[in-house]
Amino acid sequence: MARKDINFNTYVERDLQKTTVDWGTVANKLTGDLLKIREERAAERDKIAQDTIDATDKVSEMEEYTSQTLQNLALGMSGDSAEFLRVQQDLFNRGLISQTELAQNKQRVLGDWQQFGNISKRWESDYVDMVKRAEDGDASTFEMWFNKQNAEFGNLKGVTGFVNPQTGTLSLLRRDGNGDVSSDPSRHVSLNQLQNRFNTQIQNVSKDNAIDKDLKDSVNQLGKLVVATLTTTGEGDDRRPDGGVLTVEGQKQAMETDDIKEYIQGTVNGYLSNDYKIFSVLGDIVGKDKNGNNYEPTTSRTEAEKDPSKILVRYDANTGLPVPIEDAPHWDAQKGVAEESVKNRMLVMLDDVEAIKPGETLTDYQKQLLELKRRQLNQDDENINNAIDEEFDIIKYSPAVYGRDKSKNQVMNGKSASDYIDSKLDENITKTVFFDPDRQVRDVFRNVIQGVLDPNMFTDLERGEYEGQKPFNLQYRDDGSDRLVVEMGDESITYPPLRESLKERPYTRGKGEYAKNITIDGNTKEEKAIADQGKIPAGFYAVDTTGDGKLDTFKPGLTDYNSDGEGANSQMYDKTSEMFDYVRRNLIDPVDQNLRKLQKEKYDAKSKKRKRKLPGT
């Protein structure tokens, strides 16, 4: 191979313009790119944070509910949901959860609140229907028992709204008597289960003798079978009249024949094929077991094992409706009691299909049937009265509560009325420092009144439950003299009151609600003389200025409401405790007493109206 000569000394000069790197330009571009990325990420974080704020606002912007307890429950849970979203945003900001996890958590919270809103609207209408069915007697005692359980989740006595701090999901729970979380499954309910439970309706088969109407055709056929058995002879196609007559002994023998026993049992089985009819027969017709205990449901197997009157039930996983547990300790025996009751019902009805001609004497058997029916009707009346009492226990108003009561006064954050006012307002209204002090005073007193009184009072007044009773309305007027105006039930008050509305009226110094030593603000000799005679002067009102519960001072009312600075914002009337004392004595207490009295009178009247009459009366 020929060798090629190579000149290794050849050198080519490098072009410095083309090969030198401008590191300054590179650094500037890199810095710019990094800044741009940081700005984009900051903008994205701001967008995510704003999205969280928007989600928090959504759960905080609650709808108004007719049921005040429902409003209070939503108020508590919305605060917990807002706190959950704040924590999730903080975890994201610190890089402890991903953007995807944050978005999923927000969506879960908003989804649950959407469902809670739907269920709340459902409860609004179902509550009215539930009360109406109970009042009309359409609801079985079992339905009222289940409604009581539902009412404690939807009405909602003793219920705690729970926001899972790990997932943000909403649920409701009812604590046990010690205030602890119970292991009883009936005390825990998801939103889906609550929505399904509202469908529970168990018709009272004793209402308007519905059971008799359902059995009428069967009893007519039974009567024909009895007559045919006693007045014919032979078998099958050979059966023919034999001139027999109806006798007491013959009737007894006829009822023991296989054909009639089979017919009666088949009728009973068909009628009680619906478990809810078994419930109603036990609760509305039989009423009590042999030990005198009311038949009613329970979700506790332990309780069902100990007490034969307790029917063990569960909530169906698919429908959410209550159903009996077939292998419960006493279920077969309880069904047997219901069957025997329906059988006896059919026998009692036989006297309606065996026509008695004028002048004929009732047989001993017919007399026994009539006496049995009479006893049964008396038992029905007792059951009806018991049902009314149980119904009233479910929905009767609880007395006003001024003290600390977390289960009732959620609107006051579980505080007593006085403590809540002290935490929200200054001792003198004029010293209350808020962006809008008038609105603050209005909201505080609205919360106090709604927190102290039974929430169902507000619902029933809105529905016009009592003729002539006004719904709750509260305003804080600042046109002219500042004043609090409240009306509810048959009461209407204004604080401070007008002098012309205050009539002279008697009192007893040192007795009842009056202190021994009475001060008269702005008094004259004439007014003092009137007070010494045991009368509150016209134009004056009594108030407790020391907080000891005794009325110790007579104050003059306002001449008019036209002057600025002369009302609740003046030194004479701006003491917060005195305003509360006036509202309590002149509105809350009388409204509470009057509405509880009206409710009791209404149910007493209904008890008389719903009693069934005995034959011949």
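What share of the 617 residues of the protein chain counts as buried? The share comes to 43%, and keep in mind that this is a predicted model. The chain's secondary structure adds up to 18 helices and 16 strands. If you look at contacts between residues at least 6 apart in sequence, 64% of them join residues at least 24 apart. Below is a quick tour of a helix pair, some aromatic rings, a few single residues and some backbone oddities.

**Helix pair α14/α15**

- Two packed helices are described by the angle between their axes and the distance between the axes.
- Here, helix α14 covers residues 417–424 and helix α15 covers residues 437–452; their axes come within 10 Å and cross at roughly 165°.
- Angles over 145 degrees count as roughly antiparallel, so α14 is roughly antiparallel to α15.
- As for handedness, α14 and α15 cross in a right-handed way.
- On the α14 side, the contact is made by Ala 417, Tyr 420, Ile 421 and Lys 424.
- The α15 side brings in Gln 440, Val 444, Asn 447, Val 448 and Val 452.
- Sorted by class, the α14 contact with α15 has 6 nonpolar, 2 polar and 1 charged residues.

**Aromatic pairs**

- How many aromatic pairs are there? The count is 13 aromatic pairs.
- Take Phe 279 and Trp 331: their ring centres are 6.4 Å apart and their planes sit at 70°, and since planes over 60 degrees apart count as edge-to-face, that is what this pair is.
- Phe 279 belongs to helix α10 (residues 275–286) and Trp 331 to helix α12 (residues 331–353), so this pair ties together parts that are 52 residues apart in sequence.
- Buried or exposed? Phe 279 and Trp 331 are both buried.
- Tyr 507 and Phe 554 also pair edge-to-face, because their planes are at 90°, with ring centres 5.1 Å apart.
- Tyr 507 is in the loop between β12 (505–506) and β13 (514–520), while Phe 554 is in strand β16 (residues 551–556), so parts 47 residues apart in sequence get tied together.
- Both rings' residues, Tyr 507 and Phe 554, are buried.
- One aromatic cluster is formed by Phe 142, Tyr 276, Phe 279 and Trp 331.

**Two buried residues: Pro 297 and Thr 267**

- Pro 297 is part of strand β6 (residues 296–298).
- Why does Pro 297 count as buried? Its relative accessible area is 2%, and buried means under 20%.
- Leaving out residues up to four places away in sequence, Pro 297 touches Phe 142, Trp 145, Phe 146, Lys 310, Ile 311 and Val 313; one of these, Phe 142, is also in the aromatic cluster.
- From C-alpha to C-alpha, Pro 297 and Leu 312 are 5.9 Å apart in space, with their positions 15 residues apart in sequence.
- Thr 267 is in helix α9 (residues 258–271), and it counts as buried at 13% relative accessibility.
- With residues up to four places away in sequence not counted, Thr 267 touches Leu 215, Ser 218 and Met 346.

**Backbone oddities**

- As background, most residues other than glycine have a negative phi, and most peptide bonds are trans.
- Which residues are joined by a cis peptide bond? Tyr 495 and Pro 496 are, with omega at about 0°.
- Pro 496 is in the loop between β11 (491–495) and β12.
- Asp 208 has a positive phi, near 55°, without being a glycine.
- The loop between α6 (191–197) and α7 (210–231) holds Asp 208, which counts as exposed at 52% relative accessibility.
- Asn 209 isn't a glycine either, yet its phi is positive at about 55°.
- Asn 209 is in the loop between α6 and α7 and is partly exposed, with a relative accessible area of 29%.

**Around Asn 569**

- Where is Asn 569? Look in the loop between β16 and α18 (576–609).
- Asn 569 is partly exposed, its relative accessible area being 29%.
- Neighbours within four places in sequence aside, Asn 569 is in contact with Thr 430 and Asp 482.
- Asn 569 and Pro 496 are 73 residues apart along the chain, and their C-alpha atoms are separated by 10.0 Å.

How values were computed:
Residues are numbered from 1 along each chain as its sequence is written. This is a predicted model: local features need pLDDT of at least 70, side-chain atom pairs count only at pLDDT 80 or more; totals for chains, interfaces and linings use all residues. Side-chain values use heavy atoms; hydrogens and water are left out. Axes are lines fitted to C-alpha atoms, for helices over the stretch in contact, and angles run from 0 to 180 degrees between N-to-C directions. Helices (H or I, at least four residues) and strands (E, at least two) are DSSP runs, numbered from the N terminus. Angles under 35 degrees count as roughly parallel, over 145 as roughly antiparallel, 65 to 115 as roughly perpendicular and the rest as oblique. A crossing is left-handed if the near helix is turned anticlockwise from the far one by less than a right angle, and right-handed if clockwise. Contact means heavy atoms within 4.5 Å. Ala, Val, Leu, Ile, Met, Phe, Trp, Tyr, Cys and Pro count as nonpolar, Asp, Glu, Lys and Arg as charged, and the others, Gly among them, as polar. Rings of Phe, Tyr and Trp (its six-membered ring) pair if their centres lie within 6.5 Å; planes under 30 degrees apart count as stacked, over 60 as edge-to-face and the rest as tilted. Buried means under 20% relative accessible area, exposed over 50%, partly exposed in between (1.4 Å probe, protein chains only).
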